[in-house]
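Here's a friendly walk through some side-chain contacts. Have a look at the model first, then read on.

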Amino acid sequence: MQLMEINYLGHACFKIKSSNTKLLIDPFDHKMVGIKLPPQEVDGVLVTHNHPDHNFVDVARGYRKVIDAPGEYEIGGISIIGFSTFHDKKSGQERGSNTIYLIEAEGLKLLHLGDLGHTLTEKQLEAVGEINVLMIPVGNKYSIGPKDAVKVVRDIEPQFVLPMHFYFEGINKEVFEGLLPVEDFLSEVGLPVERLPKLSLKLPDLTEDQKVVLLERK
C-alpha cells in the first residue's frame, strides 16, 4: 500500500501525491491572494470554479489534464469524480457554480469542497459516501463559514478535517476583507487539533478517531 501525501500551498490550494502521480487543486493567482505560489510539477490540475484565486493553471508544469467540471475522470491511477454544487446559498445566483471533487487513491477517499456556499443535501452526501480526508472552506464571506462548516463535518464524519480558505497574515486584505481566521472554526467544531507540515497517510493506519489537521503552508 503506497503512501498518500497531502501538502497545503495556501488559500484553497493543495498538492496531493500518490505513487508517482501528483495533483494540484485550486491553484491561485499570487497577485490576487497576496502570497507566493511557486511553479508546481504535476500530472493533473483540478479547478473547482472559475475565479482567479482558484483557477490559476499557469503555475502548473508538465500536466496531462485539467479538470474543471463535474464528471468522472482518471489521472495516473487516481480516480476523480466531480459533483456540481453552488458558490452561494441562492443556487448560484450570486457567485455561480462550484465543483466539489472526490479523489480516490490507495484505498483512501479525499473530498475537496472548493468554495462551497451551502451545506450538502442528503442526495449529495449519499453521492460522496464515506470520506477519510475533508478539505473544507471555513472563512465565510465567499464560502460557508464556521457554523455551516461544522454541520458539513458532522454530516460527513471524516477522520481528518483540513480547513482552508480562511484569513491569515499576508493575505490580500483588500480582496479578502471580512474573511474569518481559522480559530473561529476551531472553537466551533470542538475536535482535537494537530499541526503538521504535511499529512502522510496509509489506509491501514486509519482509525475511527476524528481530528482537525492544520497544515503548514508550503
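## Side chains that meet

Let's start with a charge and a ring: arginine 217 has its charged end over the ring of phenylalanine 168, 4.3 Å from the ring's centre. Keep in mind that this is a predicted model.

Now for rings that meet rings. The count of aromatic pairs comes to two. One of them is tilted: tyrosine 8 and phenylalanine 14 sit 4.9 Å apart, centre to centre, with 40 degrees between their planes. Are these two residues buried or exposed? Both tyrosine 8 and phenylalanine 14 are buried.

Tyrosine 142 and phenylalanine 176 also pair up, this time edge-to-face, with 6.0 Å between centres and 85 degrees between planes. This pair links distant parts of the chain, 34 residues apart. Tyrosine 142 is in the loop between strand E12 (133-137) and helix H3 (146-156), while phenylalanine 176 belongs to helix H4 (residues 173-176). Phenylalanine 176 is buried, at a relative accessible area of 1%. Tyrosine 142 has a relative accessible area of 24%, so this residue counts as partly exposed.

On to the charged pairs. Side chains of opposite charge can pair when their charged atoms come close. How many salt bridges does the structure hold? There are five, and the table shows some of them, including the one between lysine 198 and glutamate 5.

| Salt bridge | Closest N to O |
|---|---|
| Lysine 198 and glutamate 5 | 3.1 Å |
| Aspartate 155 and lysine 151 | 2.8 Å |
| Glutamate 194 and lysine 211 | 2.6 Å |

What does the bridge between lysine 198 and glutamate 5 tie together? Glutamate 5 is in strand E1 (residues 4-10) and lysine 198 is in the loop between strand E14 (193-196) and strand E15 (199-201), so the pair ties together parts that are 193 residues apart in sequence. Lysine 198 is partly exposed, at 35% relative accessibility.

The bridge between aspartate 155 and lysine 151 stays within helix H3, where the two residues are four apart, about one turn of the helix. Aspartate 155 is partly exposed at 32% relative accessibility, and lysine 151 is partly exposed too, with a relative accessible area of 40%.

That leaves glutamate 194 and lysine 211, whose closest N and O atoms are 2.6 Å apart. Glutamate 194 lies in strand E14 and lysine 211 in strand E16 (residues 211-215), so this bridge ties together parts that are 17 residues apart in sequence. Glutamate 194 is partly exposed, with a relative accessible area of 31%, and lysine 211 is partly exposed at 27%.

Technical notes: Residues are numbered from 1 along each chain as its sequence is written. This is a predicted model: local features need pLDDT of at least 70, side-chain atom pairs count only at pLDDT 80 or more; totals for chains, interfaces and linings use all residues. Side-chain values use heavy atoms; hydrogens and water are left out. Rings of Phe, Tyr and Trp (its six-membered ring) pair if their centres lie within 6.5 Å; planes under 30 degrees apart count as stacked, over 60 as edge-to-face and the rest as tilted. Buried means under 20% relative accessible area, exposed over 50%, partly exposed in between (1.4 Å probe, protein chains only). A charge sits over a ring if NZ of Lys or CZ of Arg is within 6 Å of the ring centre and within 35 degrees of the ring normal. A salt bridge is a side-chain nitrogen of Lys or Arg within 4 Å of a carboxyl oxygen of Asp or Glu.
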